[in-house]
Amino acid sequence: MGMRTAVAGASGYAGGELLRLLAAHPELDVVVAQADSRAGEPVTAVHPNLVTYAGQTLAPSDPALLEDADVVFLALPHGASAAIAATLRPDQLVVDLGADFRLQDAAAWERFYRLPHAGTWVYGMPELAGQRDLIAGARRIANPGCYPTSVTLALAPLLAAGLVETDDIVVVAASGTSGAGRKAATNLLGSEVMGDLSPYKIGGAHQHTPEITQGLSLAAGTRVSVGFTPLLAPMPRGILATCTAKLKPGVDTAALRAALGKAYTDEPFVHLLDEGQMPHTAATFGANSVHVQAAADPDSGRAVVVSAIDNLGKGAAGQALQNANIALGLPETLGLSAIGVAP
Ligand SMILES: NC(=O)C1=CN([C@@H]2O[C@H](COP(=O)(O)OP(=O)(O)OC[C@H]3O[C@@H](n4cnc5c(N)ncnc54)[C@H](OP(=O)(O)O)[C@@H]3O)[C@@H](O)[C@H]2O)C=CC1
Ligand SMILES: CC(=O)N[C@@H](CCC(=O)OP(=O)(O)O)C(=O)O
């Protein structure tokens, strides 16, 4: 028997992906899979792909059921984690996939989420300088958002190396529909999304803007300014983030690629693609990987870095499991794959 593991929000998209990954994890055993409105339904009725859970039903969202777990993953709507987390013991490892504990700036949290700020936990982005050491041994981890994962990992090495300016970062990122969660599915009917590409929350209104700013400012060592525009793309999974920033004088493509290559050479999940190869969301489908490509545009004087992730993989459940592995002292890659499903 491995460590007793609970997933709250197991009927959702992120919770379902966690169940899928945990089914193949040799050290973590799912003993509780909780739902809310779908409690009592068979796991396979909600997630038909999860055949190894046949015969198991989704438990109700009663925090008392989490008491016996060594490891608790919370995959709940924003604002729902704090009350549950308050009932858990300090020795239990808790990884929150929601936004509740990600931001250090309480005012920013309250402005973008319109709820009281619950606190700040260790930010679970292992590849961001300094974070892996903080995650190791932590018992409360705030798992990053999907867009912030794709953007921060694309730009952080360039900011850390001082290759780009910090005052004019512009990001346009397209997400697949599962990013909006299962609950939003009624608003994302195939007939409305298929064949369409559309922005939303334009003008700095997206709730991930302060989280992207926080991560990039940490990398830069100074406060950065970011303009972020999200798009909804007609695909079930995946984020493609196009990130640009003003080049410092004399910086060329080779310098950008050298900084990214140096930062990620030993990273199992972040891959700087060979020159000329482009990130494809489909290549990260089902994996915990990040694919990155960069070029300097000498005419506009801007660095262009493009990254692809699976929003439910490195953008949610995969990164959550990576963080749990690190916190528990297990091999970081246990139960995770860098190899996506293609085509
Ligand atoms: N989807 C994504 O790509 C990503 C999601 N996340 C984050 O993960 C979390 C879950 O997202 P996602 O899976 O997409 O959302 P879903 O809407 O698909 O799932 C939400 C889950 O939470 C349960 N739930 C809803 N309300 C409550 C409540 N009051 N108490 C307990 N359980 C409740 C739902 O149960 P039921 O359905 O049974 O009512 C369901 O299991 C969110 O914080 C989200 O921001 C993070 C990164 C990426
Ligand atoms: C396509 C889509 O709607 N995506 C969601 C992603 C939010 C999300 O998943 O939230 P966290 O990553 O912060 O937990 C959105 O833009 O709000």
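**Two ligands, two domains and Cys 146**

Author: In this predicted model, ligand 1 is surrounded by 30 residues, and the closest are Gly 12, Asp 36, Gly 98, Gly 181 and Arg 182.

Reader: What makes a residue part of the surroundings of ligand 1?

Author: The cut-off is a C-beta atom within 6 Å of the molecule. For ligand 1, 30 residues count as surrounding it. By class they divide into 12 nonpolar, 14 polar and 4 charged.

Reader: Which helix gives the most to the shell around ligand 1?

Author: Helix 1 does, with 3 residues. Helix 10 also supplies at least two.

Reader: Why is ligand 1 said to lie between domain 1 and domain 2?

Author: Domain 1 (3-120) and domain 2 (147-313) both give residues to the shell around ligand 1, so ligand 1 lies between them. The C-alpha centres of the two domains are 26 Å apart.

Reader: How do you know which residues of domain 1 and domain 2 are in contact?

Author: Two residues are in contact if their C-beta atoms lie within 7 Å. On that basis, 12 residues of domain 1 are in contact with 8 residues of domain 2. On the domain 1 side, helix 1 (13-23) and helix 4 (106-113) are the elements that give two or more residues. That side has 7 nonpolar, 2 polar and 3 charged residues.

Reader: Why is helix 1 called mostly covered?

Author: A residue is buried if 20 or more other C-beta atoms lie within 10 Å of its own. In helix 1, 9 of the 11 residues are buried, among them Tyr 13, Glu 17 and Leu 22. The helix is therefore called mostly covered. Its buried residues pack against strand 1 (3-8), strand 2 (28-34), helix 2 (43-46), strand 3 (71-74) and helix 10 (313-328).

Reader: What is around ligand 2?

Author: The residues around ligand 2 include Gly 98, Cys 146, Ser 175, Gly 179 and His 208. Its shell divides into 5 nonpolar, 5 polar and no charged residues.

Reader: Why is Cys 146 counted as buried or exposed?

Author: The threshold for buried is 20 or more C-beta neighbours. Cys 146 has 30 inside 10 Å, so Cys 146 counts as buried. This residue lies in helix 6 (residues 146-160).

Reader: What does Cys 146 contact, leaving aside its neighbours within four places in sequence?

Author: Cys 146 is in contact with Ser 175, Gly 179, Ile 239, Asn 311, Gly 315 and Ala 316.

Reader: Which UniProt annotation covers Cys 146?

Author: The unreviewed UniProt entry has the annotation "active site" at Cys 146. Such annotations may be inferred rather than shown by experiment.

Key: Residues are numbered from 1 along each chain as its sequence is written. Chains are lettered from A and ligands numbered from 1 in the order in which they are written. This is a predicted model: local features need pLDDT of at least 70, side-chain atom pairs count only at pLDDT 80 or more; totals for chains, interfaces and linings use all residues. Domain bounds come from an automatic or database domain assignment. Helices (H or I, at least four residues) and strands (E, at least two) are DSSP runs, numbered from the N terminus. Ala, Val, Leu, Ile, Met, Phe, Trp, Tyr, Cys and Pro count as nonpolar, Asp, Glu, Lys and Arg as charged, and the others, Gly among them, as polar. A residue is buried if 20 or more other C-beta atoms lie within 10 Å of its own, exposed if 12 or fewer, and partly exposed in between; C-beta atoms are placed from the backbone.
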